[in-house]
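Okay, thanks for making time, everyone. I'd like to walk through some side-chain contacts today, charges to begin with and then rings. Let me put the structure up.

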Amino acid sequence: MAATRFAYVKTYELPDPILPNTYFVVRIDGQSFHRFSDTHAFVKPNDIRALRLMDNAAEDVMRALPDAMLAFGESDEYSFLFRKTSTIYNRRESKILSTVVSQFTSSYVFHWSQYFPDQMLQYPPTFDGRVIVYPSEQEVKDYFAWRQADTHINNLYNTAFWALVQQGGMSTSEAHQKLKGTVSADKNETLYSQFGVNYNSVEARFRKGSVVVKVERPIEEPPKDSVSSAQSDNSPLDQVGSDNNDAGEKDAEAQRIQHRRKKKETKKAEKAANRKREWVLSVMHCDVIGNEFWQSYPSILQ
């Protein structure tokens with residue numbers, strides 16, 4: 001910024017760094033999405049188009065922000081986990097939060113027509129966000145377990161509620177009253193006895209949410225040209241001293257040169273291998289409650 005007599009106003013900006021050496025999660029939520037879903041005629045209880053659009057927006061966020069290693073989404077909500085060693089935007093909370101929210105929202109709007117080709121966007125959707133800091137791996141695991149447990153609870157209720165309304169002929173107020181005070185077993189019994197629905201057979205995406213994992217993999221390269229290999233095998237350095245009658249000293253020097261060259265090439269190859277990796281995104285609908293998931297993807301918490 002230009003140094004002028006007005007620059008003093010920058011001193012009023014408050015520093016807001018996220019505590020160093022901690023994991024942090026950015027969670028975004030749709031604002032007034034009950035109205036938004038009604039206006040845009042979302043299918044109840046779950047609209048696969050809307051959920052896939054949310055997944056797409058989450059993937060765009062993770063591509064744009066390298067330190068976002070894991071995301072979990074349900075309904076109109078998504079959570080993004082960042083590395084504890086992340087230095088993105090100097091860990092400035094306001095910068096990170098505003099970037100995630102704006103990236104997610106713009107992607108949601110940009111890809112809307114891809115998932116809702118016959119439904120024009122009636123008004124811009126709005127998402128808010130927050131940043132939560134966690135000191136250790138256990139709190140991170142418990143956070144995502146909490147969000148997935150919430151997904152189970154909400155989806156079971158909504159599945160039973162809309163079955164009562166759409167198939168049972170109840171009004172929304174009557175359905176709410178019937179489910180008031182019930183536990184999971186009661187809702188499962190209602191679904192099975194009245195509508196023949198085994199809740200465990202409901203699509204995993206609806207019951208478990210979406211899990212987006214960033215996985216590192218090596219980039220495959222085409223094999224080297226055989227001519228190049230042949231030329232390498234017949235390098236002049238390999239022939240040093242072969243045509244020389246006094247082979248002893250010069251041959252030893254040639255071997256030392258060749259050894260140094262191979263050592264240098266080995267280090268160069270190792271560095272190239274480290275560079276020749278890419279992060280790929282995998283969208284799954286699996287359990288994150290328990291240790292199996294975290295053991296399968298250890299790089300998430302590294």
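So, Arg130: buried or exposed? Somewhere in between, actually: with 37% relative accessibility, Arg130 comes out as partly exposed. Keep in mind that this is a predicted model. And what does Arg130 pair with? With Asp29, in a salt bridge with N to O at 3.4 Å. Asp29 sits in strand 1, residues 23–30, and Arg130 in strand 4, residues 127–134, so this contact ties together parts that are 101 residues apart in sequence. The acid end is the buried one here, since Asp29 has 15% relative accessibility and the cut-off for buried is under 20%.

That's one salt bridge, and the whole structure has 13. Some of them are local. Take Glu59 and Arg63, whose closest N and O atoms are 3.5 Å apart. They're four residues apart in helix 2, residues 48–64, so about one helical turn separates them. Glu59 is buried at 17%, while Arg63 is exposed at 53%.

Then there's helix 5, residues 137–166, where Arg147 and Asp150 sit three residues apart, about one turn again. Their salt bridge has its closest N and O atoms 3.1 Å apart. Arg147 is buried, at 5% relative accessibility, and Asp150 is partly exposed, at 22%. The pair also belongs to a network of salt bridges, together with Glu74 and Glu77.

What else does the charged end of Arg147 do? It sits over the ring of Trp146, 4.2 Å from the ring centre. There's a lysine version too: Lys95 lies over the face of Tyr89, at 5.6 Å from the ring centre.

Right, on to the rings. How many aromatic pairs does the structure hold? The count is 26. One of them is Phe33 with Phe127: the centres are 5.3 Å apart and the planes at 50°, so we call the pair tilted. Phe33 is in helix 1, residues 33–39, and Phe127 is in strand 4, so here the parts tied together are 94 residues apart in sequence. Phe33 and Phe127 are both buried.

Tyr108 and Trp112 make another tilted pair, 6.1 Å centre to centre with 45° between the planes. Tyr108 and Trp112 are buried as well.

And where do these two pairs end up? In a cluster linked by ring pairs, whose members include Phe33, Phe127, Tyr108 and Trp112, along with Phe36, Phe42 and Tyr78.

How values were computed. Residues are numbered from 1 along each chain as its sequence is written. This is a predicted model: local features need pLDDT of at least 70, side-chain atom pairs count only at pLDDT 80 or more; totals for chains, interfaces and linings use all residues. Side-chain values use heavy atoms; hydrogens and water are left out. A salt bridge is a side-chain nitrogen of Lys or Arg within 4 Å of a carboxyl oxygen of Asp or Glu. Helices (H or I, at least four residues) and strands (E, at least two) are DSSP runs, numbered from the N terminus. Buried means under 20% relative accessible area, exposed over 50%, partly exposed in between (1.4 Å probe, protein chains only). Rings of Phe, Tyr and Trp (its six-membered ring) pair if their centres lie within 6.5 Å; planes under 30 degrees apart count as stacked, over 60 as edge-to-face and the rest as tilted. A charge sits over a ring if NZ of Lys or CZ of Arg is within 6 Å of the ring centre and within 35 degrees of the ring normal.
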